[in-house]
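Visitor: I would like to go through a model and ask why certain terms are applied to it.
Guide: Then here it is, and we can take the terms in turn.

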Amino acid sequence: MTTEHAPQPCDLLIEAGWVVPVIPHGVALEDHAVVVTAGAIVAVLPTAEARRRYVAGETVSRPDAALIPGLVNAHTHNPMTLLRGIADDLPLMEWLQGHIWPIEGAVIGPEFVADGITLAIAEMLRGGTTCANENYFFPDVQAAVYKRHGFRARVGLPVIDFPTAWAKSDDEYFDKAGEVWDQWRDDPLVATAFAPHAPYTVSDTSFERIRMLSDQLDIPVHCHVHETAHECDESQATHGQRPLARLDRLGLVNDRLIAVHMTQLNSAEIALCAQRGVSVVHCPESNLKLASGFCPVGNLQRGGVNVAIGTDGCASNNDLDMFGEMRTAALLAKAVSGDASALDAASALHAATLGGAKALGFDDRIGSIEPGKMADLACVDLGQLETQPLHHVISQLVYATGRHQISDVWIAGRAKLRQRVLVDLDVEALVANARQWRSRIAGIRIS
């Protein structure tokens with residue numbers, strides 16, 4: 001004779017047609033549910049069993065949907081959402097030096113940063129993204145805005161070799177970095193990283209200080225590296241080394257380095273990244289749009305390098321659509337390598353979830369649907385005609401699904417999107433605010 005245990009209470013029960021946990025790799029669990037209590041995942045089990053074993057404060061049933069980990073946008077400049085489309089179809093340095101930096105100089109400040117990030121959060125949530133790795137100025141404002149909206153982020157502490165609205169000298173960049181790090185070091189949702197802009201804009205002295213402080217504070221270093229062939233040629237001429245070799249000489253090529261773009265890599269550099277535990281963030285659409293080159297994702301994966309995916313900023317993409325980015329990354333990897341099996345669908349989803357979480361140092365809490373991790377989750381409606389018939393769930397997610405099919409999003413178990421409606425953001429107000437920024441920016445004259 002068996003004794004039936006009384007159902008246990010839980011805060012939230014999400015029932016889905018499929019749960020795609022990412023770990024194990026390439027698995028889609030049919031008719032499964034995720035049990036959430038106190039913002040964390042308690043169990044992943046068949047729906048019928050979940051109903052027997054748990055009594056939920058709230059049950060969300062999505063029988064035509066796939067439940068996935070919230071997507072991790074591993075490289076963003078989210079205040080630049082307000083510069084979407086401002087200077088398109090230009091090469092990188094002309095785009096950056098001739099347009100973006102002059103316009104930024106005229107508008108940058110706490111208000112611009114806060115409004116740009118708020119707009120970006122709304123866009124990311126509607127696309128299933130629950131975490132961003134941020135790289136911009138005024139990190140104090142960034143962190144406060146992400147926290148206010150309950151959005152998970154690692155906020156970059158900027159370092160660059162010229163004065164900006166954020167800091168006027170090397171010492172001021174580092175002093176302010178220390179203050180922001182100290183304010184947010186114990187926050188469960190928002191963390192920090194050093195964000196030196198790039199090897200061509202940061203001195204050896206500053207990189208050495210960053211390495212020392214990164215070691216002391218145990219925080220990552222988030223940097224554009226090997227973005228273009230010109231960058232590598234210029235470094236060779238100026239320093240007698242390619243940028244990655246220079247960073248290695250300065251002690252920065254380690255498991256704390258989040259190396260963004262990496263379009264110019266040889267086999268020795270790939271092996272070095274694998275050996276040292278470097279994470280590479282692939283931004284395929286930005287690299288394509290600026291004609292920066294092709295990150296050799298297939299070779300990186302085969303070499304054992306952790307690969308993440310980022311959108312870059314809206315000024316060079318021009319969206320924060322991680323579904324589009326996954327699909328482009330997978331297709332581009334095949335074309336670049338000449339191998340149709342390169343970056344298969346399950347690996348693309350891994351890069352956009354657990355790969356990003358690992359790059360950010362968040363893989364102990366997000367990136368996969370496993371008991372003990374935080375309930376950062378996104379529900380994808382696969383019942384629409386554009387994703388029918390449904391032969392292979394993960395392939396459909398990467399190759400056929402659009403961000404408009406995200407129905408529900410949770411961060412740490414809190415609903416942020418319900419049936420396509422943002423829970424605590426006013427879409428009309430966001431659009432109106434974006435339009436007033438358009439008017440302000442339109443009046444700027446570039447000399």
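Visitor: What makes the pair of side chains of His-261 and Glu-227 a polar contact?
Guide: This is a predicted model, and every value comes from its atoms. The side chains of His-261 and Glu-227 are joined at 3.4 Å. A polar contact needs N or O atoms within 3.5 Å, a donor facing an acceptor, so the pair qualifies.

Visitor: Why is His-261 called buried?
Guide: His-261 has a relative accessible area of 0%, and the cut-off is under 20%, so the term applies. The residue sits in strand β10, residues 257-261. Beyond its close sequence neighbours, His-261 touches several residues, among them His-75, His-224, Cys-283, Cys-295 and Asp-312. Arg-51, by comparison, is 210 residues from His-261 in sequence and 45 Å away, C-alpha to C-alpha.

Visitor: And His-224, why is that residue called buried?
Guide: The relative accessible area of His-224 is 5%, which is under 20%, so His-224 is buried. His-224 belongs to strand β9, and its contacts include His-77, Asn-135, Pro-196 and His-261.

Visitor: Which polar contact does the side chain of His-224 make with another side chain?
Guide: The partner is the side chain of His-75, at 3.3 Å. In addition, a polar atom of the His-224 side chain lies 2.6 Å from the backbone oxygen of His-197.

Visitor: Why is Asp-218 called exposed, and why is Arg-420 called partly exposed?
Guide: Asp-218 has a relative accessible area of 56%, and exposed means over 50%, so the word fits. Arg-420 has 30%, which falls between 20% and 50%, so Arg-420 is partly exposed.

Visitor: What is notable about the backbone of Asp-218 and of Arg-420?
Guide: Asp-218 has a positive phi, near 55 degrees, and is not a glycine. Its place is the loop between α6 (204-217) and β9 (221-225). Arg-420, also not a glycine, has a positive phi of about 75 degrees and lies in the loop between β15 (414-418) and β16 (421-422).

Visitor: Where are cis peptide bonds found?
Guide: One joins Asn-317 and Asn-318, with omega about 20 degrees. Asn-318 is in the loop between β12 (306-309) and α12 (322-337). Another joins Gln-388 and Pro-389, with omega about -10 degrees, and Pro-389 is in the loop between β13 (377-381) and α14 (393-399).

Visitor: How do you know that the span of α12 agrees with what is expected?
Guide: At 1.5 Å a residue, its 16 residues should span 22 Å, and the end C-alpha atoms are 22 Å apart, so the two agree.

Visitor: What caps the N-terminal end of α12, and what follows the helix?
Guide: Asp-321 is the cap: one of its side-chain oxygens is 3.0 Å from the backbone nitrogen of Phe-323. After α12 comes Gly-338, with a positive phi near 70 degrees. Buried residues of α12 include Met-322, Phe-323, Leu-332 and Lys-334.

Visitor: How is the packing of α3 and α4 described?
Guide: Two packed helices are described by the angle between their axes and the distance between the axes. For α3 (residues 110-126) and α4 (residues 139-148), the angle is about 35 degrees and the axes are 9 Å apart. Their crossing is right-handed. Residues that meet include Val-113, Ile-117 and Ile-121 in α3 and Val-141, Val-145 and Tyr-146 in α4. The residues of this contact are nine nonpolar, two polar and no charged.

Definitions and conventions. Residues numbered from 1 in each chain as written. Predicted model: local features only at pLDDT ≥ 70, side-chain atom pairs only at ≥ 80, totals over all residues. Heavy atoms only, no water. Helix = DSSP H or I, 4+ residues; strand = E, 2+ residues; numbered from the N terminus. Buried < 20%, exposed > 50% of the residue type's maximum accessible area, 1.4 Å probe, protein only. Expected span 1.5 Å × (residues − 1). Axes fitted to C-alpha atoms, helices over the stretch in contact; angles between N-to-C directions. Left-handed = near helix turned anticlockwise from the far one by under 90°. Contact = heavy atoms within 4.5 Å. Nonpolar A, V, L, I, M, F, W, Y, C, P; charged D, E, K, R; others polar. Lists of a residue's contacts leave out its neighbours within four places in sequence.
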